[in-house]
Amino acid sequence: MPQRHSKNNNDLAFFTYDEKRKLGYGTQKERLGKDSIKPFDACSLCLKPFIDPLCCQKGHVFCKECILECLLSQKKDIQRKLSAHTAQLKQEKEEESEKLMLEKARELDAFDQQNHGAVPQYNDKNINRDRSGFHGANSVKTTSYEAEALRTMKAFWLPSATPEAPVKVNAPSTTTTCPEGNEKLKMKTLFPIHFTEDTNDEKKGSALDKTYICPSCKVTLTNTLALVGLSSCGHVFCKKCADKFMVVDKVCLVCNKACKERHLVNLEKGGTGFAGHGDNLEAKDFKHLGSGSGLGLVRPAMKT
């Protein structure tokens, strides 16, 4: 009988290399396509075609409503953290003052016991007295020292004495940040941008599918082109026209408004699977085989 090949030998107690490959074992890599990348005319927050777009100084484009709502929520979160931090500081001051009062009361008790005796004297010898010198069912008294000891006692079996880990609230930052680039962002640094829509009837599709062109060279804007927006007037050009005309003439080609080189802002975009503009657009997925079964435990893919 001829010897069976290792690829057909499936009665072993372990997986062979070829069987692992067929089950997708290990790290799987795949280049992201254009359907997985955000287009240049989409908001960075809602990922939909932008409405009244605003751009930051780093070139991230947002819808006006989306970025205003984001900054407002950040301000509310900052106010909430500031209130929590202020309450914590107030509580720490109260605890410090209470600790000083207990320390003074302890010193007074020690002084009183040193000068007048720790145990009071009674005329009636028949009265049943406890170790603390107090008598009667309603004469149970806890000194400030005992209360402090009971409060600081680490007894996990007593619900009243179970230690708790203090939650520290650090002072938050009072500046709002860009949700895309994590740099400081303020409302006054945002500027509106204006894309030139293609009015050619032959290339024009549906009302929802808009096509934008460069107002200088009339080239259709896509993810493969580097785009530049002017912070002075908001018009968007391709980078080739911006470097060729506006840097030299220092004037906008649409509205003839004066602009300087610092007004040129490179717009950020996702790119495509074949032209990522310097980004490593690769998705990785790791699959680990389960013991005794053909199913694998899949780890989420990571964009690197």
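Visitor: Which strand do 3 bridges join to S7, apart from S8, and how do the two run?
Guide: In this predicted model, strand S9 (residues 264-266) is joined to S7 by 3 bridges, and the two run antiparallel. Within that pairing, Gly-229 stands opposite Val-265 in S9.

Visitor: And what about S8, how many bridges there?
Guide: S7 is joined to strand S8 (residues 236-238) by 3 bridges, again in an antiparallel arrangement, with Val-228 standing opposite Phe-237 in S8. S7 and S8 form a hairpin that has 5 residues between the strands, and Gly-234 in the turn has a positive phi of about 95°.

Visitor: Are the faces of S7 covered or open?
Guide: Both faces of S7 (residues 227-230) are covered, since Leu-227 and Gly-229 are buried on one side, and Val-228 and Leu-230 are buried on the other. In a regular strand, side chains alternate between the two faces of the sheet.

Visitor: Switching topic, how many aromatic pairs turn up?
Guide: Searching the whole structure gives 3 aromatic pairs. One of them is Phe-50 with Phe-195, a stacked pair at 5.3 Å centre to centre with 20° between the planes, and these two residues lie 145 residues apart in the chain. Phe-195 also pairs with Tyr-212, tilted at 5.2 Å and 50°. Phe-40, Phe-50, Phe-195 and Tyr-212 form one aromatic cluster.

Visitor: Is Phe-195 buried or exposed?
Guide: Phe-195 is buried, as is Phe-50, and Tyr-212 is buried as well.

Visitor: Why does Trp-157 count as exposed?
Guide: Trp-157 counts as exposed because its relative accessibility is 58%, where the cut-off is over 50%. Together with Met-153, Phe-156 and Leu-158, Trp-157 forms a nonpolar surface patch of about 460 Å² accessible area.

Methods. Residues numbered from 1 in each chain as written. Predicted model: local features only at pLDDT ≥ 70, side-chain atom pairs only at ≥ 80, totals over all residues. Heavy atoms only, no water. Patch = residues over 30% accessible without salt bridge, like charges linked within 9 Å, V, L, I, M, F, W, Y side chains within 5 Å. Areas by Shrake-Rupley, 256 points an atom, 1.4 Å probe, with all protein chains shown as cover. Salt bridge = Lys/Arg side-chain N within 4 Å of Asp/Glu carboxyl O. Buried < 20%, exposed > 50% of the residue type's maximum accessible area, 1.4 Å probe, protein only. Helix = DSSP H or I, 4+ residues; strand = E, 2+ residues; numbered from the N terminus. Pairing = 2+ DSSP bridges. Phe/Tyr/Trp six-rings, centres within 6.5 Å; stacked < 30°, edge-to-face > 60°.
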